[in-house]
Every structure is written in structure tokens, then in C-alpha cells.
Amino acid sequence: MVDYDFIVNLLSAMIRNATPIALAAIGAVVCERSGVVNIAMEGIMTVGAFVAAIVAGATGNPWIGLLAAIFFGGLFSLIHAFATVSLHLDHVVSGAVLNVLALGITSYLMIMIVGHPGTTNPVPVGLGDYRWAIPVLSSIPVLGPMFFNQTPIVYFSFILIGVFTWFLSKTKLGLHVRASGEHPLALETIGVSVYKMRYFGVLVSGLVGGMAGAYLSIESNVSFTEGMTGGRGFIAMAAMISGGWHPIGAFIAALFFGLADALQVRFQVFEIARVPEEFFIILPYVLTVVAVAGLVRRSRPPKADGVDFMIERSED
Amino acid sequence: MSSTHEHTEPGRLPSILTIASAVLGAAGLVIWLGASMSRGETYYFWGIWLIVAALAVYLWRYRLLNGGEALRELLRSSARKMAVPVMGVVTAIVLGGILMLATGYNPIEAYGALFFGGLVRNWHISILNAAPLIFTALSVAFAFKAGLFNIGAEGQYYMGAMAAAWLSIHFTLPGIISLPLIFIFAGLFGAMWTIIPALLKVRTGAHEVITTMMLAHTARYLSPVFIRANGGDPATSTHPYVTWEILPNNFLPRFQQFLPQANYRVHTGILIAIVVALLIHYILYYTSWGFEIRAVGENKDAARAQGISVGKNIFRALLIAGFLAGLAGFNQVNGLDHRLFENLQAGYGWNGISVALLAGGNPIGVVFTGLLWGVLDAGGQFMARTTQTPSAIVEIVKGTILFLVVARYIYTAIGNWRRKRQRHREADAANAVKEGA
């Protein structure tokens, strides 16, 4: 039963399940490194998933759907930036409100556009129809099918993880983003706007979160279903925290959560052991509590994460 | 002498008025909450009149004790406090109307149905919706007072509900003994779910938003396991699972038992919720425990300098918050459903956050905002059924209300901008005068 095919299937399912979590998590990493707590990832993903399915269905082109999802995810996240940075609203409060709003807006538009609640019509062509096997690399045993025979957004997530790691640690803008989360006053003192850095951080999380949503609706599925994000935005937060607020750490945590998800399905199908399916769903959450407890290793948030920054400007 | 006599020694009248106000208020509340218009009865309004009368008597007593000036000051300050929430609600309703108009629905008709459904026709559903929200919102509000954000009330609610369901299935004692026991155990199980976040917060500084949120999802997914073990047979039923019915001796009394006209589903949980809200108000503002918790919430360093233990109070506040959220589970299981459903869409814990935020963390305010949320939910369903307007508009209106009320800085910013413009205009006028001369 546990043979080569089983292992390969399990591991590539792990990658597929981890992709939306990893994308949302690395977006949240940039956001929180800039000092804004973002629990609105769930809402952003919902908006992205909905927009992707609607636009891809209307135009018949999943790529336009993907771009629209990224755009609207970013647009939606700007509400969070405006509320937290410009209006000095508590970050957790704003995120909680946006999660409510995202549900309301999508289910309202669902009835407006689709005409019924529940599920949208399937898109004619989904991104899942594009399976890009990288020549040579995809024929490596185990690793080939895992990493090099996947669908587009999975590759994008690999690229983005590298780009974000490089961006945060090697570029000047990345340094400014991190400074805005660690010591905003110091950043403002050298003449860089903390407000701008925080807007930027939130916007990045929105763009990437929109892409994660699009993955759910038009790549791993062919339509949008209400509630299809299924708490992945919160698991992404869990991955970000377990990964120590670092893109690669977040990716590894997301892989682990993806593996738990993939195992859950197989445990049910093959009845390997009589474990309730919920055990695997709970695993990421429990692991996060363990991670923040500092039992495994130190997982420290940016110093000014969630701390409001208000600069007194002289009038006139 | 005779004129000051009233102020210095008002005699027994104020205490009589206090009792009169309490009796009138309680009677009005019971009639108002228990009544339902579905049978065409109008005694529902008598309850409201009794509450208004109780309020008038109370204000009379206040004037007698503190003088007319103090009464006017009280009215002025409460009007100021109410201004932002009322403005937020009105603006959000107007914005929702514009959205409906823009998307081709009739806002007058829709709002008419919403308020008729929520306040008159399906008033009993509004109350049923409000009761659990008040408990979870009290939980969130109590934690707020200690400077904590109990975002995981949902999980504590599930723990309380599981405890209540298990005990109610097995307790065969008469209700008068078993109900208080179940009430307390449901609360304790809720509190148990905040022990780990409280310990971690005090010992390692782990943020309670993260720990309570993660534990909320954990409890949420533990509930189907519990339900399957207590009657939810996976062979015969899939999602949502449901337990056996609880024993009838553990049902919360219903209003119908003493008000024959009342809707049969309305139970006394809402009264318990209001009493608990008053109790929490008392604890927060009239006991040393409450004082210490509020001191820690206002300023940790100042509290520590005063010799108040910050860790102990954080621990205490989170545990009480968990207790309160657990009571919401008791309310649902023993009051309304009489079994535990795997409530996939209910989300009382998450909505409790909104209700608490809207009330600004005030325990008495929570009762009113909880009722408002209950009315909007019940009315939204009625509106969707009768006018074919998507009930999702209610979610949008709710989100907008919340945003406009919690983002108080909007009003500061608008005020600053207006003052600035005013100053500029004055400066311009002064310059014009100077140039003219």
C-alpha cells in the first residue's frame, strides 16, 4: 500500500495543499515585518478567489482572472492599510472587521452577478489545465513530480519565496520595511516615511493574498464556493508565526501543514489508523500554540508589530 | 430650610422609587422579551412602556438625590457618548441603502421589511440571536478592560457547549439543582480553554490574540469528535452532526411557562444574559477585583507601581472571559437547541467580537448592541424572504457600522481638518483686510 506511487502522490499533494497557505503566509510576513498585524488574510483570499472565478468565467481567460484577483486583493488590503496606518485603528480590530466585510461583499455580489448563493459556474479554462513539466528536472525521481511537474501558481509561489527572502534581507527597501516594523521612529528620523512602508507591506500581503485566493478557485478548483478558503488565512498566520516571521520558515511550516492535510485525506481513504480526521485539521493550530510558547524554538514577532505609529506633523 | 430639606434628607422616597423602578423595569423586560407579535397580540408594547416608565422613575430619583443640574449633566454626557455609535449606525444604513439603490433593489421596501421583521414580526428570533451574542461579547468586553483581546471566544463557546451537552445528557437531577450546576460547569470549561493562553501570556508574553485564535479553531474541530461520540452517528448522518437530545429536566424554562402568549421557542436565557451583564458591570466598577483589572488595562506600569500584580490580573481577566463565553454554550444547548449541533455557520464567538467593539467594551452597552445585531440578523432573513433582497446586505451594513464606530479617529481627523480650514479662512480674511488697508 505504501509504495513509490503513494509517496509521490502524497508529496505532490503536500505541495499543492501548501501553496495557498505558503503564498498567504509570505504575504503576511512582509506585512508584519513592516509592523502591521494582518489577520485579514482570510478575507483577502476570499475576495481574490471570488474575483478570479468571476473574471475568468466572464473572459474565458484564467490569466486575466489571476491578474484581477491580484489587483482586487491588493485593493481590498488597502482598506486595512488605510484603517490601521492613517486612521490609527487597532490592527486586530480592523482585520476582524475586514473578514466580516469580505464575506458580506462576496456573498452579495454572488447573488448580484451569479444569481444564486453557493457556487459560481465553472470557468471554461482553469489554471489547473496548464501543467508545466520542466524538462529534465521533472524526471528526477520523487523530487521531479513534487517540484517540477506542477501548475503555474505553484511555481509562482516558489519564485516569490525566493524573491521575498532576497527582498527583505538584501535590498534597501526591504531594510526600510523591516525597520518600520522594528523601530519606526528610527526610520522616520532618517527621513523615510513609516506610513509609506506600512502601506507597502499591507499592499504586498493583499496582492499575494489575492493570488492565493485565485489558486483556490481557478487552479485547484474550477469555481468559487462560499467558504472555500476554509480558515486557510488563519492557518497562513499560523505558518507565518511557526516560521518565525521569515519567508522560508513560513514556507516550511506551510509544507508541514500541507502534509497534514494530505495525510488526512489518505487516512480516511485507506483507513490506515482509526484517527478522527479532525486530528489533522487541529494539528497546525496546536503546533502554533506550541511555537509561540517557545517550546520548540524562539519565535519572536517584530518589535513594533501591531504598534500604532503616529507622527506629529506641524500644520502649515 | 424647607428648600434644602429635599436635598439633604430626601426621606424614604428615593428607596421606594428605586424599588419601583426595578420592579417596573423587570416586569417590562420580561413582558417585552417574552412577547411575540406573531399571534397578533399587542401587549408587546406594554413591556416597552413599562421600561420607559421605569427609566422615568429612575431619572426622577436621580434628580431628587442629586439635583436638577446633575440630571442635565448626566443626560448631556450620555448623549455625547451615544453620538458616535448612533451616527455610525445611521450612516451605515444610508450607505447600505445607496448600495441597494445602485444595484437595483428598493431600499425603502427592504429596510421596511428588515425592521418589521427584526423588531415586530420575528422579534423572538432577534432575542434568540441576541442571547448567545451577549455572553460572548461580555467575554470579549471583559478582556478588553484588562487590555486583552480575547479573539477566541468561539472556542470557549464550543467548550462550554460541549460541557453543557454532556452534563445535560447524563444529569437526571431535578432542574433546579442540575441547571445551576451545568451553568457553572459550562462556564468552567470555557475558562479552562483560556488557561493556556493566560499562562503563556503571563509566563512568556505570547500574544493572546494568536493563542486564543488557534485554540478557537482547535475547539471548533474537536466538537464534531465530541458530537459523534454522543449521538452523532457518522453512518447515518454526515455534516452537520448532532448529539442526542438532552434530558427534559435540564431544559431552561421558557417564557411560555408564565406568559401563555409568548412564542414557544423563547427561553429565559436572555434574562440570564442581562443579569450576568449587570453582574459584570458591578464587578468591574464596584469591586476591588474590577478596579485592579481596569487599572492593569489602562496602564500596566502605573498599576505595577501601585502594587497591583499585573500577571495575576491578566490571568484572572482571561479566565473570567473564558467563563463568560462558555455560558453562551450553556445558553444555546439548554435554552434553544436542546442538543449540540455542529454549528458550521453560527460563529457566535466571532460575532461577539463585533458586538463588544460596538459597545466600546461596556457591559451594559453589550446588551443593546447584542440586541441590535440580533435584530439585524433576524430582520435580514425576513427581508431576504419577503423582498428577495440578498441578506448579505446586512453583513455589509454590519461591517460598515463597526468600521465607522471603532475608527473613532475619523471624527478626530474630520474635526482637525475643519479647524484647520477655519483657521486658514480666518487668516485669509485677515490678509485681505490688511491688503485692503
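This is a short tour of a predicted model with two chains, A and B.

**Stop 1: chain A**

Select chain A and switch to the cartoon view. You should find 12 helices and 2 strands. Trace the chain along its sequence and the elements come in the order α-α-α-α-β-α-β-α-α-α-α-α-α-α. The radius of gyration of chain A is 20 Å, close to the 20 Å that the globule rule gives for 316 residues, so chain A is as compact as a globular protein of that length. Turn it around on screen: along the principal axes, its C-alpha atoms fill a box of roughly 70 × 50 × 40 Å.

Now think about the inside. Of the 316 residues in chain A, 53% count as buried. Look at contacts with a separation of 6 or more, too: residues 24 or more positions apart account for 78% of them in chain A.

**Stop 2: one helix in chain A**

Next, select residues 194–219 of chain A, which form helix α9. Its 26 residues reach 36 Å from the first C-alpha to the last, close to the 38 Å expected at 1.5 Å a residue. Is α9(A) mostly covered or mostly uncovered? Show the rest of the chain again and see: α9(A) is mostly covered, with 23 of its 26 residues buried.

**Stop 3: chain B**

Move on to chain B, which has 18 helices and 0 strands. The radius of gyration here is 25 Å, close to the 22 Å that the globule rule gives for 437 residues, so chain B is as compact as a globular protein of that length. The C-alpha trace of chain B spans about 95 × 60 × 60 Å along its principal axes, and 46% of its 437 residues count as buried.

Try two colours now: one for residues 7–66 of chain B, which are domain 1, and another for residues 80–406, which are domain 2. The C-alpha centres of these two domains of chain B lie 27 Å apart.

**Stop 4: where the chains meet**

Finally, show both chains together. How many residues of chain B are in contact with chain A? There are 36, and they touch 33 residues of chain A. On the chain B side, the elements giving two or more residues are α9 (195–203), α10 (208–229), α15 (348–358), α17 (392–406) and α18 (409–436). Select α10(B) for a closer look, since the largest share of this side, 12 residues, comes from that helix. Colour the side of chain B that touches chain A by residue type and you will find 26 nonpolar, 7 polar and 3 charged residues.

Definitions and conventions:
Residues numbered from 1 in each chain as written. Chains lettered and ligands numbered in written order. Predicted model: local features only at pLDDT ≥ 70, side-chain atom pairs only at ≥ 80, totals over all residues. Helix = DSSP H or I, 4+ residues; strand = E, 2+ residues; numbered from the N terminus. Expected span 1.5 Å × (residues − 1). Buried ≥ 20, exposed ≤ 12 C-beta atoms within 10 Å, placed from the backbone. Domains from an automatic or database assignment. Contact = placed C-beta atoms within 7 Å. Nonpolar A, V, L, I, M, F, W, Y, C, P; charged D, E, K, R; others polar. Rg over C-alpha atoms; globule rule 2.2 N^0.38 Å.
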